[in-house]
Amino acid sequence: MTQTAQARTAQALVQMAATQTATALQAELTALFANAQRVFYDEFVDNRNVWSTSVFQDIELNLIEDGVFKVVWSGKDTSYEVYELSSFTDFIGEVDCRIARGGGDGSCGLIFAQQRNVGFYKFEFFIDYYRLSIILAEGEPVILAEGDPRRITTVGDQNRLRVIRQGERIRLFINDALAADLRDNTLGAGRVGVSTACYNAEGGVEVHFDNFGIRSLASGS
């Protein structure tokens, strides 16, 4: 067999293995969703779930308009909103987010395992970067996973973010593609929500959320 033929064979085997892995993952996800219980869903056609819609600290405007939850920043800061009625250990959390203005100065994402006065995990999405961090009440944030999502995202359009947590295993998805698979048990059960941030002192960031949902893979409390 020539060197070129060997290279082609090796490439075909790699592609076959990748296809088999993707097929197995899709089958697993299908089973997870089939057995999960939808606890919460909001497509933001109105404010029936009573999200905080107002001006905060003179630099953050939250409003529900045009079928999305909009967060408009005129200064540098970060904030989040959580589903208050249940805490979760094993769950699927999803949201569509769009960085409508501000480019790389803005982010949107999901937080989970949020415990008051303790901390939370933050899955933060930028147009050219993502990361999962632990944000504790004391100490500096710790990054657990990070990467460049541009091969699986669409700049200027909605991108679907998903977190699947099962015990200490945490998986992050962007537009149905697996972005990270890791294990951490720093925080246990907690609330799930959405987050946004502006990293420009002059503001100019606008983020839109839609189709925020939580499914329990075990009983929430």
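Select F44 and W51 to begin: in this predicted model, F44 is a buried residue and W51 is likewise buried. Display the two rings together and the pair reads as tilted, with 5.9 Å from centre to centre and 50° between the planes. The angle explains the label, because planes under 30 degrees apart would count as stacked and planes over 60 as edge-to-face, with the rest called tilted.

Keep these two residues on screen and add F40, F69, Y83, F209 and F212, since F44 and W51 belong with them to one aromatic cluster. Within that cluster, pick out F40 and F212, whose rings form an edge-to-face pair with 5.7 Å between the centres and 65° between the planes. Switch to a cartoon view to see where the partners come from: F40 belongs to strand 1 (residues 37–42) and F212 to strand 15 (residues 205–216), so this pair ties together parts that are 172 residues apart in sequence. F40 and F212 are both buried. For the wider setting, a search of the whole structure gives 15 aromatic pairs, among them F40 with F212 and F44 with W51.

Next, look for charged groups placed over rings. Select R38 and Y41, where the charged end of R38 sits over the ring of Y41 at 4.4 Å from the ring's centre. Then move to R162 and F173, where the charged end of R162 sits over the ring of F173, here 5.3 Å from the centre.

The last stop concerns the cysteines. How many disulfides does the structure hold? The structure holds 1 disulfide, and selecting C97 and C108 brings it up, with the sulfur atoms of the two residues 2.2 Å apart. Measure the torsion about the S-S bond in the viewer and compare it with the computed 45°, for which the link of C97 and C108 is described as right-handed. Colouring by secondary structure places C97 in strand 6 (residues 91–101) and C108 in strand 7 (residues 106–115), so the disulfide ties together parts that are 11 residues apart in sequence.

Are the two bonded cysteines buried or exposed? C97 counts as buried because its relative accessibility is 0%, and C108 counts as buried with a relative accessibility of 0% as well. Finally, select C198, which at 1% relative accessibility also counts as buried.

How values were computed
Residues numbered from 1 in each chain as written. Predicted model: local features only at pLDDT ≥ 70, side-chain atom pairs only at ≥ 80, totals over all residues. Heavy atoms only, no water. Disulfide = S-S within 2.5 Å. Helix = DSSP H or I, 4+ residues; strand = E, 2+ residues; numbered from the N terminus. Buried < 20%, exposed > 50% of the residue type's maximum accessible area, 1.4 Å probe, protein only. Phe/Tyr/Trp six-rings, centres within 6.5 Å; stacked < 30°, edge-to-face > 60°. Lys NZ or Arg CZ within 6 Å of the ring centre and 35° of its normal.
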